[in-house]
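Work through the following exercises with the sequence and the model side by side. Try each task before you read its solution.

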Amino acid sequence: MTRTTSRPRRRREQDPTPSGTEDPEVLLGHYRRMLLVRRFEERAGQEYTRARIGGYCHLNLGEEATVVGLMAALEPTDYVFTSYRDHGYALARGVDPGRVMAELFGRATGVSKGWGGSMHLFDVDTRLLGGYGIVGGQIPLATGAALAVAYRQGTEVVLCHMGDGATNIGAFHESLNLASLWRLPVVYVVVNNELGMGTPVERSSAEPELHRRAAAYRMTGERVDGNDVLAVRDAARRAVERARRGEPTLLETMSGRLRGHSVVDPARYRTPAERDRLAQADPVARLRGQLLAAGVLTEQAAEALDAEVGQVVEAATEFAEHSPHPEVDTLFDHTHATPVPGETRRLPADPLFPEDQ
Amino acid sequence: MPVITYRQALRDTLRAELARDPSVFLMGEEIGVFEGSYKITAGLLDEFGERRVRDTPIAEEGFVGAAVGAAMLGLRPVVEIMTINFSLLALDQIVNHAAKIHGMFGGQCRVPMVIRTPGGGGQQLAATHSQNVELYYAFVPGLKVVAPSTPADARALLLAAIRDDDPVLFLENLALYNVKGEVDESAGPAEIGRAAVVRPGTDITLIGYSRMAAVAVEVAERLAAEDGVDAEVIDLRSLRPLDRRTIVESVRRTNCAVIAEDDWLTYGIGAEIAATLQEGAFDWLDAPVRRVAAAEVPLPYAKPLELAALPSAESLATAVRQTLDAVARRR
Ligand SMILES: Cc1ncc(C[n+]2csc(CCOP(=O)(O)OP(=O)(O)O)c2C)c(N)n1
Ligand SMILES: [Mg+2]
């Protein structure tokens, strides 16, 4: 019973106004959040090139409508697991941008106290249960979280975000099978940005219409335009409703990756035509244009919003910059949740038996 | 005190913990209707129902990862992996996820889960079904690895593992399931990370875990009877954390040691113990520390080859006698 809503992959030319019935305040809220993700990610890219952010740094540029649409479909009590491309999800979930930027800066005030970095954001309050750096690693975890919800007969739903490349990992298939077999309250979202690093979906997935993989697990599969925030939100809402009834969904969102795989990737494998097409489909510019055309937003208000969001990102960056680095004497604080006798707190040159020295 | 098998001790403990704590549940292949490949979960499905005793498809990575996710939400899953060989399919979820989640997220999330799994060769199951790869897990900070060798410890360490807030790999052993011993049903959980001096002695220290700890006790008794040697035996019980203190203190008294392990020699558990002894008891040692370990081959099926490859009471006794000879030459 796979329901496949095969939509055109991009439909930016049509409907100048997003769903006429939508409350203007809601539309503005979505736009503001998308803009926040956009500006935050642009800043993260800059800070990375200034070497104030280390490690790998993957941005949600081009994914803003998907990020905001998905998060808008959830209740505060629902759970979210994501891939390493996670900054936007934390922001859209309502995590303080300062704490997100501080994590990228590796500071003690970061969401993961400087232990996780860009790829591993975690926040108990908003139930963001982690970004995960191992491709597909979050899929069994999210499935297990949904199992815990079902075990307790709870009404929460788990949303599990992943990239297109992750659908080729064995854990994806094992997890979808378990979720369908056990009727778990989970929504798997594949953000299809057409690439896993430099490899196009067609060269990595024998069934490149990824939502159709749901059929193998008798699960609902649906594809939606990931550049359309309302389409994403509404598809996610339907999926969430099904999940609350114990019917998992595989939701595929189609959007572009505006930059390289990570900040250091110049993406030379992309043709100028491709880059053009991506710029044309830019979800933030598109929504801005639609809101202006519909009179929901004026040029003046748009500029004010730009300035306000710019301020938020500036303040977040300042907060990160002025936050303390973690103290080295906290290095062994999180080895175990339940302490053990004679716990080793040994630094590289320390003797095994310091008391005998 | 009742005398029961290692298998029975495991089963009784699982049953008692299921009854005690509603957040404890079991998951694994064939643990319900089939009652477990080694019948550790016999009768538990009937008693506790499918919600608490969940049969899974053959998907080690999927269900071990699901246990990690359920533990992140506060449940206490106890998963059974049919044998430790199959845990390799779940390596990513164990090493890259279960072991990392507490530390990598700055201590915000606990993973209170247990992976029960038997290791061990000697059953003519050939190369893929006879491995002792507990070292892979004992190597990883964030995990705990315990390995009981007696029915009493099977109970006490399983209680401790289930009640612990970290992921614990609980190593069982095919050769120990039918071993009998006294079990005090009123005793509390063991303390994870403590070795036990299971036989005090003065002449030499034998160090082992799981099956080889039991073999070491047998060898010590035989040497006492045949050679008048008084060997001390240490059962490690916990491979991570490792109780280095107990090992070193013993060897500082006996001045020599032999390590017995079912895993392969090179880079094995014994190598870590030997390194610990040279650092902690260098001035006390009267002979090189010897290791008795499995031959470095994929374990063969044919009985004579399998027997030759695995450490035994005979091979351990030989190494002990050679070590005592070396000590005598020195003194
Ligand atoms: C198991 C594993 N293999 C390889 C990698 C290296 N790697 C990181 S991201 C990536 C591509 C993933 O692409 P996709 O799932 O489409 O996500 P996207 O980056 O497009 O969001 C690869 C191969 C990894 N992190 N984990
Ligand atoms: Mg991709």
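**Exercise 1: two helices that meet**

Task: find which residues of helix 2 of chain A meet which residues of helix 8 of chain A.

Solution: From helix 2 of chain A come A:Ala65, A:Thr66, A:Val68, A:Gly69, A:Leu70 and A:Ala72, and they meet A:Val229, A:Leu230, A:Val232, A:Arg233 and A:Ala236 of helix 8 of chain A. Two residues are in contact if their C-beta atoms, placed from the backbone, lie within 7 Å, and helices (H or I, at least four residues) and strands (E, at least two) are DSSP runs, numbered from the N terminus. Sorted by class, the residues of this contact are eight nonpolar, two polar and one charged, where Ala, Val, Leu, Ile, Met, Phe, Trp, Tyr, Cys and Pro count as nonpolar, Asp, Glu, Lys and Arg as charged, and the others, Gly among them, as polar.

The model is a predicted one, in which local features need pLDDT of at least 70 and side-chain atom pairs count only at pLDDT 80 or more, while totals for chains, interfaces and linings use all residues. Residues are numbered from 1 along each chain as its sequence is written, and chains are lettered from A and ligands numbered from 1 in the order in which they are written.

**Exercise 2: the surroundings of A:Ala171**

Task: decide whether A:Ala171 is buried or exposed, and list its contacts beyond its neighbours within four places in sequence.

Solution: Begin by placing A:Ala171 in helix 6 (residues 170-181) of chain A. A:Ala171 counts as buried because it has 25 C-beta neighbours inside 10 Å, and the rule asks for 20 or more other C-beta atoms within 10 Å (exposed means 12 or fewer, partly exposed in between, with C-beta atoms placed from the backbone). Its contacts are A:Gly136, A:Ile139 and A:Pro140 in chain A, and B:Glu61, B:Gly62 and B:Gly65 in chain B. A:Gly136 is 35 residues away in sequence, yet the C-alpha atoms of A:Ala171 and A:Gly136 are 6.5 Å apart.

**Exercise 3: a helix of chain B**

Task: name the buried residues of helix 4 of chain B, and say which elements they pack against.

Solution: In helix 4 (residues 91-98) of chain B, the buried residues are B:Asp92, B:Gln93, B:Ile94, B:His97 and B:Ala98. In chain B they pack against helix 3 (60-72), helix 5 (101-104), strand 5 (114-119) and helix 6 (134-138), and in chain A against helix 5 (138-151). For chain B as a whole, buried residues make up 58% of the 331 residues, and the secondary structure comes to 12 helices and 14 strands.
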